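Me: I would like to go through this model carefully, one topic at a time, with the reasoning given before each answer.

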Amino acid sequence: KSHKELLIPPTPCHAKTNVMFLKTHKTASSTVLNIMFRFAEKYNLTVALPADQLFHLGYPRTFVAHFVEGFGTIGQNYNIMCNHLRFNPLEVKRVMAANTFYFSILRNPIPLLESSYIYYKNNVPAFRRSKNVNEFLASPTKYYHPADYRENIYARNIMWFDFGYNNNAEDDTKYTQAVLEEIEQNFHLVLIADYFDESMILLKHALCWDLDDVIYFKLNSRSQDTVQTLSPESEEQIKAWCSLDWKLYLHFNQSFWRRIEETIGLEVLQKEVNHLRTRQKELMETCLSEQEAVRKDHIRNRALLPFQSGAANILGYNLKQDLDNGTLRTCQKMVMPELQYTSYLYAVQHPHKKRKEVGLPLLWTRRQEM
């Protein structure tokens with residue numbers, strides 16, 4: 001080869017379109033799911049959606065391939081998988097292509113547990129039995145009975161559980177080390193919710209997507225007045241009570257920043273994060289009548305009302321009144337809650353199946369109305 005030919009710049013990468021996102025609980029994962037769904041629509045990709053009336057892929061049962069609608073006929077030809085499931089690599093591999101990119105997201109277990117407490121207050125016996133989050137954490141074993149372990153998964157090491165492991169396992173160094181190594185083998189990337197914008201930039205680079213593919217409006221967040229303040233004792237207690245999640249978080253928080261330094265560098269990262277925030281602000285000004293999320297009783301279009309749970313007041317958005325069709329579509333997708341979006345994609349991909357009942361007025365019944 002002549003000297004000249006070697007100077008040809010490297011070919012720009014192609015956007016990865018086979019992607020599996022392990023959606024963990026209370027980790028900003030609903031916002032990521034919305035990003036994945038919009039990307040799937042943009043490229044006309046097939047999403048591995050929950051079968052029949054479910055909105056999750058068999059959770060909390062360990063995932064098996066037939067939890068996916070149409071697996072029998074579609075086989076391994078799904079591009080995107082991102083609804084809640086309890087990870088089971090062999091079964092997921094039966095659904096996803098060989099070259100699939102796997103990623104997930106973790107969150108600091110301290111704010112995570114407080115969030116779970118409020119959100120799952122009425123569903124989890126350990127939370128129901130205690131007055132507030134600090135009382136629960138003062139002596140978790142008083143409220144957390146191993147017999148209710150199925151209902152209590154949100155009360156202890158929920159991320160460890162979502163990754164497919166026993167959330168009540170002994171915190172033994174050899175065991176946790178083996179699990180961390182296994183997760184590193186199964187996942188190309190683990191994001192950190194506490195640095196969400198940085199995570200989106202890292203994801204964009206890893207998947208070779210455009211900035212607009214990772215623009216988001218924060219979904220499924222709750223109003224500040226439902227947040228309980230943790231005492232310093234409670235914070236320490238969480239590290240011990242959820243020590244498996246704590247180890248998981250510390251490990252991947254470290255590899256997250258290492259990855260950024262090796263691939264993007266902090267300087268470029270900051271530039272791109274600013275760019276993301278500017279673009280997000282522009283979109284909010286275009287789409288929203290208020291420049292922020294609003295409480296459930298202030299959401300005008302009931303079809304865009306997010307699912308409400310526990311003692312949390314889950315926020316949503318109001319779109320501007322007079323948007324042109326194209327803009328309206330873009331904006332609607334940006335703010336569409338998880339259940340509505342899942343139901344909508346299901347109707348598009350499986351037009352002959354009975355629709356998923358969201359229990360809310362449906363936005364669209366047929367593709368034409370898009």
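Me: Which helices do the buried residues of H15 pack against?
Reply: The structure is a predicted model, and H15 covers residues 338–349. Its buried residues include Leu339, Tyr341, Tyr344 and Leu345. The partners that these buried residues of H15 pack against are H1 and helix H14 (325–335).

Me: How many of the 12 residues of H15 are buried?
Reply: A residue counts as buried when its relative accessible area is under 20%. In H15 the residues that meet this include Glu338, Gln340, Thr342, Ser343, Tyr346 and Ala347. H15 is largely enclosed by the rest of the structure, because the number of its 12 residues that are buried is 10.

Me: What distance separates the end C-alpha atoms of H15?
Reply: The expected span is 1.5 Å times one less than the number of residues. For the 12 residues of H15 this gives 16 Å, and the end C-alpha atoms agree with it, being apart by 16 Å.

Me: Is Leu57 buried or exposed, and what is its relative accessible area?
Reply: Leu57 lies in the loop between H1 and helix H2 (71–74). Leaving aside neighbours within four places in sequence, its contacts include Leu49, Pro50, Phe63, Phe67, Met81 and Leu85. Leu57 is buried, and its relative accessible area is 0%.

Me: How many Å apart in space are Leu57 and Tyr344, C-alpha to C-alpha?
Reply: Leu57 is in the loop between H1 and H2, whereas Tyr344 is one of the buried residues of H15. In sequence the two are 287 residues apart, and in space, C-alpha to C-alpha, their separation is 16 Å.

Me: Which residues does a cis peptide bond join?
Reply: Most peptide bonds are trans. Here, in the loop between H1 and H2 where Pro60 is found, there is a bond with an omega of about 5°. That cis bond joins Tyr59 and Pro60.

Me: What relative accessibility does Asn44 have, and what does Asp52 have?
Reply: Asn44 is found in the loop between H1 and H2, and Asp52 has its place in that loop as well. Neither is a glycine, yet Asn44 has a positive phi of about 55° and Asp52 has a positive phi of about 55°. Asn44 counts as exposed, at 63%, and Asp52 counts as partly exposed, at 46%.

Me: Which helix supplies the largest share of the lining of the second largest cavity?
Reply: The structure holds 2 cavities of 30 Å³ or more, and the second largest has about 40 Å³ of space. Among the residues that line it are Pro109, Leu112, Leu113, Ser116, Tyr154 and Asp245, and by class the lining has 6 nonpolar, 2 polar and 1 charged residues. The largest share, 4 residues, comes from helix H4 (residues 109–119).

Me: Which residues are closest to the centre of the largest pocket?
Reply: About 1400 Å³ of space lies in the largest pocket. Its lining consists of 50 residues, which by class are 25 nonpolar, 17 polar and 8 charged, and H1, H4, helix H13 (266–287) and H15 each supply at least two of them. The closest to the centre are Lys26, Ser30, Tyr119, Leu219 and Asn220.

Me: Where does pLDDT stay under 50?
Reply: The mean pLDDT of the chain is 93, and 95% of its residues reach 70 or more. Where pLDDT is low, the predicted coordinates should not be read in detail. The stretch where it stays under 50, with 23 contacts beyond four places in sequence, is residues 360–370.

Terms used:
Residues are numbered from 1 along each chain as its sequence is written. This is a predicted model: local features need pLDDT of at least 70, side-chain atom pairs count only at pLDDT 80 or more; totals for chains, interfaces and linings use all residues. Side-chain values use heavy atoms; hydrogens and water are left out. On a 1 Å grid over the protein atoms alone, a cavity is a set of points where a 1.4 Å probe fits but cannot get out, and a pocket is an open set with protein on both sides within 12 Å along at least five of seven lines; lining residues have an atom within 4 Å of a point. Grid points are joined across faces, edges and corners, and a volume is the space filled by probe spheres set on the points. Helices (H or I, at least four residues) and strands (E, at least two) are DSSP runs, numbered from the N terminus. Ala, Val, Leu, Ile, Met, Phe, Trp, Tyr, Cys and Pro count as nonpolar, Asp, Glu, Lys and Arg as charged, and the others, Gly among them, as polar. pLDDT is the predictor's confidence in each residue, from 0 to 100. Contact means heavy atoms within 4.5 Å. Buried means under 20% relative accessible area, exposed over 50%, partly exposed in between (1.4 Å probe, protein chains only).
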